[in-house]
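Me: Hi! I'm new to this one, could you walk me through it?

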Amino acid sequence: MEGVPEDLLKEAVKASENAYAPYSGFHVGAAVRTCSGRVYSGANVENSSYGLTVCAERVAVFTAVSSGERCISEVLVYFRDSDYPLPPCGACLQVLSEFSEGDAKVYMVGRGGSIRVARLRELLPEGFRLTPLKRG
Ligand code: THU
């Protein structure tokens with residue numbers, strides 16, 4: 001698919017196959033590339049107590065961070081059940097902003113290959129940011 005990093009797309013599509021979405025039926029896969037060049041992926045995981053659901057993007061970011069990564073340069077989100085690409089939700093954009101610069105690329109892909117590409121700062125112009133005492 002032109003304009004989209006093939007490795008991220010492959011990982012995000014694969015992750016979407018493991019999405020646990022029995023309540024919404026909306027399957028999402030995400031893949032992030034870290035500044036060290038590694039790729040981590042995730043899928044959305046829903047819960048009977050709906051509010052506990054975690055989006056694919058946050059699963060991918062948390063997997064990267066809990067593997068020791070602290071810097072994300074690119075994100076791709078694959079919406080298996082949408083005909084058009086969608087932006088990550090506000091919570092995911094805030095979590096991404098903790099570990100990304102504003103120029104990080106966000107690729108959004110719908111079923112059938114519709115694509116939107118944006119910079120993180122376009123989707124989240126002003127993320128909340130505390131100055132950490134020490135980067136943990
Ligand atoms: N979802 C994601 O995984 N990523 C998004 O960017 C938006 C929404 C999930 C959460 C829930 O499991 C389902 O999609 C419907 O909202």
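Reply: Happy to; we can start with the ligand and then look at a helix and two residues. This is a predicted model, where local features need pLDDT of at least 70 and side-chain atom pairs count only at pLDDT 80 or more, while totals for chains, interfaces and linings use all residues. Residues are numbered from 1 along each chain as its sequence is written, and side-chain values use heavy atoms, with hydrogens and water left out.

Me: Cool. Which residues surround the ligand?

Reply: Ser24, Phe26, Val28, Asn44, Glu46, Thr53, Cys55, Ala56, Glu57, Phe79, Pro88 and Cys89. Here a residue is near a molecule if one of its heavy atoms lies within 4 Å of it.

Me: And how does that shell divide into nonpolar, polar and charged?

Reply: Seven are nonpolar, three polar and two charged. Ala, Val, Leu, Ile, Met, Phe, Trp, Tyr, Cys and Pro count as nonpolar, Asp, Glu, Lys and Arg as charged, and the others, Gly among them, as polar.

Me: What lies 2.5 Å from an oxygen atom of the ligand?

Reply: A polar side-chain atom of Glu46. A polar backbone atom of Ala56 is 2.9 Å from a ligand oxygen atom, and one of Cys89 is 3.5 Å from a ligand oxygen atom. The protein buries 79% of the 380 Å² that the ligand exposes taken alone, with areas from the Shrake-Rupley method and a 1.4 Å probe.

Me: New topic: which residues of helix H1 are buried?

Reply: In H1 (residues 6–16), they are Leu8, Leu9, Ala12, Ala15 and Ser16. They sit on the same side of H1, because they cover an arc of only 135 degrees around the axis. Buried means under 20% relative accessible area (1.4 Å probe, protein chains only), exposed over 50%, and partly exposed in between. Helices (H or I, at least four residues) and strands (E, at least two) are DSSP runs, numbered from the N terminus.

Me: What do those buried residues pack against?

Reply: Strands S1 (28–34), S2 (39–43), S3 (72–79) and S4 (105–110). Contact means heavy atoms within 4.5 Å.

Me: Where is Arg33 found?

Reply: Arg33 is in strand S1, and counts as buried because its relative accessibility is 16%.

Me: Which side chains does Arg33 make polar contacts with?

Reply: The side chain of Asp7, at 2.7 Å, and that of Glu74, at 2.6 Å. A polar contact is a pair of N or O atoms within 3.5 Å; within protein, one must be able to donate a hydrogen and the other to accept it, and residues adjacent in sequence count only if both atoms are side-chain atoms.

Conventions:
Arc of directions from axis to C-beta.
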